[in-house]
Amino acid sequence: MEDVLIPKYRIGKRKKTNPEYTKMIREYGRATDKNVRTTIEKDSNYCRVYYVRYVDDFLMGVNGSKQTCENIRHEIKSFLSERLELSLNIDKTKITHSTTEKALFLGYQICCTPVRKMRVGYNSKSILVRHTTRTILLAPIANVLENLREKGFVNNKKMPTRNGRYLNIDF
């Protein structure tokens, strides 16, 4: 990953700026419209790949197109089968968009803050300030409740509750 794929898909130095945003800054000296983004979302001349691994699970973040993600998945599959004689389960290997879908990794649902929920405001000098996307780790509540139900920690109203039989156990 670090020797081949990440350098191969590291394209461009920075994203292109949005011409509307640049024009607004030049004319008014500050951003007047909160809805105009600072950079162009789909920039074909910019790509980054991020990689996290824990034992036999890994998660990749690609700041690029879906086609780039599919190419990377194909290269990983061929590497695993040819060099390591391992198979990649395509059904479990999913390509998701970080702001519209969640990825399950190590028991957490991982996603990013959607653009519509990003905080936008003005600082003390009346300059528009944007808070960047943040990575969000969520517990899959439906799975947690199901596990609690199986172990007897859910009452008749399907709400988590105590289980009295474990109160007087010596450890």
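A nonpolar core is a set of buried Ala, Val, Leu, Ile, Met, Phe, Trp, Tyr and Cys residues joined through side-chain atoms within 4.5 Å. In this predicted model, the largest such core brings together eight residues: L5, Y9, C47, V49, I72, I76, L80 and L88. Helix 3 is the main contributor, giving three residues to the core. As a general background, nonpolar side chains in soluble globular proteins tend to be buried together. One member of the core, C47, is a helpful place to look at the surroundings more closely. Apart from its neighbours within four places in sequence, C47 is in contact with Y9, R10, I11, V62, N63, G64 and T68. Among these contacts, Y9 is itself listed in the core.

The strands come next. Strand 1 (residues 48-54) and strand 2 (residues 57-63) run antiparallel and are joined by seven bridges. Within this pairing, Y50 has G61 of strand 2 as its bridge partner. The two strands form a hairpin with two residues between them, and in this hairpin V55 adopts a positive phi near 55°. V49, which lies in strand 1 (residues 48-54), is also a member of the largest nonpolar core.

An aromatic pair is found here too, and the count for the structure comes to one. The partners are Y51 and F58, with ring centres 5.9 Å apart and planes at 45° to each other, a tilted arrangement. The pair is tilted because its angle is neither under 30 degrees, as for stacked rings, nor over 60, as for edge-to-face rings. Both partners are partly exposed: Y51 has a relative accessible area of 26%, and F58 has a relative accessibility of 33%.

Further along the chain, three strands make up an open sheet in the order 3-4-7, with antiparallel pairing. Strand 3 (103-105) and strand 7 (135-138) stand at the edges with a single partner strand each, so one side of each has no neighbour in the sheet. On average, neighbouring strands of this sheet are turned by 35° against each other, direction ignored. Three bridges hold the antiparallel pairing of strand 3 with strand 4 (residues 108-112). One of the residue pairs involved is F105 with Y108, the latter being the bridge partner in strand 4. In general, strands of a sheet pair through backbone hydrogen bonds, either parallel or antiparallel.

Charged side chains also meet, and the structure holds two salt bridges. In general, side chains of opposite charge can pair when their charged atoms come close. One salt bridge joins K8 to E75, whose closest N and O atoms are 2.9 Å apart. This pair links distant parts of the chain, as K8 belongs to helix 1 (residues 5-8) and E75 to helix 3 (residues 66-82), 67 residues apart. K8 is partly exposed at 48% relative accessibility, and E75 is likewise partly exposed, at 21%. The value for E75 does not count as buried because buried means under 20% relative accessible area.

The other salt bridge is formed by the side chains of E146 and R149, at 2.5 Å from N to O. These two residues lie three residues apart in helix 4 (residues 141-150), so about one helical turn separates them. E146 is partly exposed, with a relative accessible area of 33%, and R149 is partly exposed at 48%.

Notes:
Residues numbered from 1 in each chain as written. Predicted model: local features only at pLDDT ≥ 70, side-chain atom pairs only at ≥ 80, totals over all residues. Heavy atoms only, no water. Pairing = 2+ DSSP bridges. Helix = DSSP H or I, 4+ residues; strand = E, 2+ residues; numbered from the N terminus. Axes fitted to C-alpha atoms, helices over the stretch in contact; angles between N-to-C directions. Phe/Tyr/Trp six-rings, centres within 6.5 Å; stacked < 30°, edge-to-face > 60°. Buried < 20%, exposed > 50% of the residue type's maximum accessible area, 1.4 Å probe, protein only. Salt bridge = Lys/Arg side-chain N within 4 Å of Asp/Glu carboxyl O. Contact = heavy atoms within 4.5 Å.
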